[in-house]
Amino acid sequence: MELDDTDREILRLLQADARTPFSEIARQIDMSSATVHDRVGRMEEAGVIEGYHAAVDPKAVGYGVSALVGLRVEQGREEDALDRLREIEGVRAIHLTTGEWDVILRVVAEDTDSLRELMFERIANMDGFSRSQTMIVLGTDYEAEGPPI
C-alpha cells in the first residue's frame with residue numbers, strides 16, 4: 001500500500017495515542033471522521049497497522065529486571081530452539097541477528113534471582129544453544145514506539 005502524507009499523519013497521531021478518537025484525528029488534520037475511519041481501515045487491511053496495544057510498565061506489574069541475552073545457536077537447530085524460546089513467559093522479544101550472536105533476546109524477570117533461574121534453568125539448559133551472554137539493563141534512556149513515520 002502506498003502511503004500519502006495524510007496516511008502518515010494519521011499513523012503519527014495513532015502512534016502517539018492509539019486511543020485518539022477518529023473525530024479528534026479528523027479535527028487535527030482537517031478531514032471528516034468518515035474519511036479517517038476509511039483510511040485507518042485500509043491501513044489495517046493492508047497490514048500497515050498491525051494492532052493496538054497498551055504500553056505497560058514492566059516494573060508496575062512485578063518485573064523489576066530487564067536484560068538482553070545473546071545466544072549462539074547450533075547449526076540446524078534454529079527453528080526448534082526458536083519455538084521453545086517463544087514458550088518462555090519472560091521472553092519479550094526474539095531478534096535474529098548477524099555478528100557474534102545469532103539471536104538476541106529481550107527478557108524480563110521479577111528480580112535477579114528470577115533472572116538467574118530463567119537463564120540457568122530455562123534457557124541455558126535448552127538443547128540447541130552453544131553459548132550465551134546476559135546483559136542486565138540498568139535503565140532505558142529512550143525507546144521509541146514503532147518505526148519513524
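Me: Helices (H or I, at least four residues) and strands (E, at least two) are DSSP runs, numbered from the N terminus. With that settled, and knowing that this is a predicted model, where is aspartate 30 found?

Reply: Let's start with the two helices on either side. Helix α2 covers residues 22–29 and helix α3 covers residues 33–45. Aspartate 30 falls in the loop between α2 and α3.

Me: Is aspartate 30 buried or exposed?

Reply: The cut-off to keep in mind is that exposed means over 50% relative accessible area. Aspartate 30 has a relative accessibility of 75%, so this residue counts as exposed.

Me: What is the phi of aspartate 30?

Reply: Most residues other than glycine have a negative phi. Aspartate 30 is a residue other than glycine, yet its phi is positive. The value is near 55°.

Me: Which residues of helix α4 are buried?

Reply: Helix α4 spans residues 78–86. Buried means under 20% relative accessible area. In α4 the buried residues are Ala81, Leu82 and Leu85.

Me: Why are these buried residues on the same side of α4, and what arc do they cover?

Reply: An α-helix has 3.6 residues a turn, so residues three or four places apart point the same way. Ala81, Leu82 and Leu85 are the buried residues of α4. They sit on the same side of the helix because the arc they cover around the axis is only 95°.

Me: Which residues are exposed on the other side of α4?

Reply: Here we turn away from the buried side, where Ala81, Leu82 and Leu85 lie. On the other side of α4, the exposed residues are Glu79 and Arg86.

Me: What covers the buried residues of α4?

Reply: The buried residues in question are Ala81, Leu82 and Leu85. Their cover includes one helix, α5, and strands, with β4 at residues 129–137 among them. The elements included in the cover are β1, β2, β3, α5 and β4.

Me: Is phenylalanine 129, in strand β4, buried or exposed?

Reply: Buried means under 20% relative accessible area. Phenylalanine 129 has 11% relative accessibility, so this residue counts as buried.

Me: Which residues does phenylalanine 129 touch, not counting residues up to four places away in sequence?

Reply: Two of its contacts, Ala81 and Leu85, are also among the buried residues of α4. The full set is Leu71, Arg72, Val73, Glu74, Ala81, Leu85 and Ile123.

Me: Which residues is arginine 131 in contact with, leaving aside its neighbours within four places in sequence?

Reply: Arginine 131 is placed in strand β4. At 38% relative accessibility, arginine 131 counts as partly exposed. Its contacts are Gly70, Leu71, Arg72, Glu100 and Trp101.

Me: How many Å separate the C-alpha atoms of threonine 97 and glycine 70?

Reply: Threonine 97 lies in the loop between β2 and β3, and its 29% relative accessibility makes it partly exposed. Along the chain, threonine 97 and glycine 70 are 27 residues apart. In space, their C-alpha atoms are separated by 9.4 Å.

Me: How many Å apart in space are alanine 124 and leucine 71, C-alpha to C-alpha?

Reply: Alanine 124 is in the loop between α5 and β4, and is partly exposed, with a relative accessible area of 43%. In sequence, alanine 124 and leucine 71 are 53 residues apart. In space, the C-alpha to C-alpha distance is 9.2 Å.

Me: Which residues are closest to the centre of the largest pocket?

Reply: The largest pocket holds about 1,600 Å³ of space. It is lined by 42 residues, and by class 23 of these are nonpolar, 9 polar and 10 charged. The closest to the centre are His53, Ala55, Ala144, Glu145 and Gly146.

Me: Which element supplies the largest share of the lining of the largest pocket?

Reply: Four elements, α1, β1, β2 and β3, each supply at least two lining residues. The largest share, 5 residues, comes from α1.

Me: Which element supplies the largest share of the lining of the second largest pocket?

Reply: About 220 Å³ of space lies in this pocket, and its lining includes Tyr63, Ser114 and Arg122. Both β3 and α5 supply at least two of the lining residues. The largest share, 4 residues, comes from α5.

Technical notes
Residues are numbered from 1 along each chain as its sequence is written. This is a predicted model: local features need pLDDT of at least 70, side-chain atom pairs count only at pLDDT 80 or more; totals for chains, interfaces and linings use all residues. Side-chain values use heavy atoms; hydrogens and water are left out. On a 1 Å grid over the protein atoms alone, a cavity is a set of points where a 1.4 Å probe fits but cannot get out, and a pocket is an open set with protein on both sides within 12 Å along at least five of seven lines; lining residues have an atom within 4 Å of a point. Grid points are joined across faces, edges and corners, and a volume is the space filled by probe spheres set on the points. Ala, Val, Leu, Ile, Met, Phe, Trp, Tyr, Cys and Pro count as nonpolar, Asp, Glu, Lys and Arg as charged, and the others, Gly among them, as polar. Buried means under 20% relative accessible area, exposed over 50%, partly exposed in between (1.4 Å probe, protein chains only). The arc is that of the directions from the helix axis to the C-beta atoms. Contact means heavy atoms within 4.5 Å.
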